[in-house]
Amino acid sequence: MEGILLQTKRKFSWKVFLIVLAVLLVAGLAKAPTIISNEYAQQPELWTNIIISVTLSTFIIYGLPGGIGCLLATRVGMGLPFIEGWVDKKPLRGKLGRVALIAMVAACVLAAIGIGVRLVTAPMILAELEAQNIPLSALGESVQLPWWGWLLGSLSAGLAEEIGFRLGLLTLLIWVVGWLWHDETGRIKPIGFWVANLLVAVSFGAFHLLNLSAMGLPLMTSLAIRAIFGNGLMALVFGWLFWKYGLENAMLTHFFLDVLLYVILPLVV
C-alpha cells in the first residue's frame, strides 16, 4: 500500500492538539488500574489518588512532546492523517481498514522477532542471574497482572509512548535533521529520516531500562541488551510506520504488538 503523504507547511490545528491531549488522558486512565492491581489491590483508600496521580503524570510527561510534535509535524509533512482528516472534514475514505491490516501484520512480524530476541538473550540472562544469586522469579514477581491489566497497559503504552517518542521526539529530530537532508518540498530525505529514526530507537530502548529498576533488578548487561536491542528494533518499525502511514498506524501496531506479547502469548503458553 502506498504511503499517506501530508502536505508540508500546514496550519497548526488546536483541535488536533486537544485530541492528542485527550488521548493522553485515556492513556493515563488505562495505566492506573494496572498499577493498582499490581501494587495497591488491598488498599482501596489509595485508589482515587493513584488514578489522579498516574493520569496527571502521563498527561504532563507526554503532553509537551505531543504539543511540539503537533506543531513541527505541520512543517515536515508528518502527523495524524486520519484525525486531521476528520477535523478538517476531509476523511481518508477506504484507507483505515488497510492501515489497520498493515498494523496487524507488522505486529505479528514484530512479535516473532521479539520472541526470537527473548530466546537468544535468555541464556545470558540466566547466567547473570545465577552469578549474582538472583532467583529467576525476580524477572516477573513484581508484574503479576491479570490479562485485562496487561490489555489496559498495552493500550496505555501504545498511545502515550507513540505520542512521546514518535510524534514528539522523532518529529523534532526530523525537523532538525531535515535542515541538512530535504527535498524541494521541504520533506526530509530517506537518509535523514533513518538517522533520526535510529537515534529515537536507541533512546526508546534505553527508556525501557527503567523497567529493570521498577522490578528491583540491578542493571545487568544481558537485560540491558534485551531492552535496548529488542525495543530498539520495534521502535525502528514504529518510526517507519509513522513516517509512511501516520501516527495512528504506529499506535495501532504498538498496541497490537503488546497485546500479542503480553496478553495472548502468556494465555497460550
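These are my notebook entries on a predicted model, covering some helices, a few backbone angles and a handful of residues I looked up.

**Entry 1: H1 against H2**

I started with the first two helices. H1 takes in residues 14-39 and H2 takes in residues 47-76. I wanted two values for the pair, since packed helices are described by the angle between their axes and the distance between the axes. The axes of H1 and H2 come within 7 Å, and the crossing angle is roughly 145 degrees. I noted the hand as well: H1 and H2 cross in the right-handed sense. Sorting the residues of this contact by class gave me 18 nonpolar, 6 polar and 1 charged.

**Entry 2: along H2**

Next I checked the length of H2. Its 30 residues should span 44 Å at 1.5 Å a residue, and I get 42 Å between the end C-alpha atoms, so the two agree. I then looked for bends in H2 and found a kink of about 40 degrees at Gly63. The proline Pro65 comes shortly after that kink. Past the end of H2 sits Gly77, and its phi is positive, near 75 degrees.

I also picked Ser53, another residue of H2. Its relative accessible area is 45%, so I put Ser53 down as partly exposed. From Ser53 to Gly63 I count 10 residues in sequence, and their C-alpha atoms are 15 Å apart.

**Entry 3: cysteines**

How many disulfides does a search of the whole structure find? I got 0. For my own reminder, a disulfide would be a covalent bond between two cysteine sulfur atoms. I looked up accessibility for two cysteines anyway. Cys70 is at 6% relative accessibility, which is under the 20% cut-off, so Cys70 goes down as buried. Cys108 comes out at 40%, so I list Cys108 as partly exposed.

**Entry 4: positive phi outside glycine**

Where is Lys9, buried or exposed, and what is its phi? Lys9 is in the segment before H1. Its phi is near 60 degrees, positive even though the residue is not a glycine. The relative accessible area of Lys9 is 70%, over the 50% cut-off, so it counts as exposed.

Lys89 went on the list too, with a positive phi of about 60 degrees in a residue that is not a glycine. I located Lys89 in the loop between H3 (81-87) and H4 (96-131). Lys89 has 74% relative accessibility and therefore counts as exposed.

**Entry 5: H9**

I ran the length check on H9, residues 247-268, as well. H9 has 22 residues and reaches 30 Å from first C-alpha to last, close to the 32 Å expected at 1.5 Å a residue. I found a bend here too: H9 turns by about 35 degrees at Leu260.

**Entry 6: two pairs from distant parts of the sequence**

Thr34 is a residue of H1. With a relative accessible area of 10%, Thr34 is buried. I paired Thr34 with Gly153, which is 119 residues away along the chain, and their C-alpha atoms are separated by 6.4 Å.

The other pair was Ile225 and Leu24. Ile225 lies in H8, residues 221-245. I get a relative accessible area of 37% for Ile225, so it is partly exposed. Ile225 and Leu24 are 201 residues apart in sequence, and their C-alpha atoms are 29 Å apart in space.

Methods: Residues numbered from 1 in each chain as written. Predicted model: local features only at pLDDT ≥ 70, side-chain atom pairs only at ≥ 80, totals over all residues. Heavy atoms only, no water. Axes fitted to C-alpha atoms, helices over the stretch in contact; angles between N-to-C directions. Helix = DSSP H or I, 4+ residues; strand = E, 2+ residues; numbered from the N terminus. Left-handed = near helix turned anticlockwise from the far one by under 90°. Nonpolar A, V, L, I, M, F, W, Y, C, P; charged D, E, K, R; others polar. Expected span 1.5 Å × (residues − 1). Bend = angle between axes of the 7 residues up to and from the residue. Disulfide = S-S within 2.5 Å. Buried < 20%, exposed > 50% of the residue type's maximum accessible area, 1.4 Å probe, protein only.
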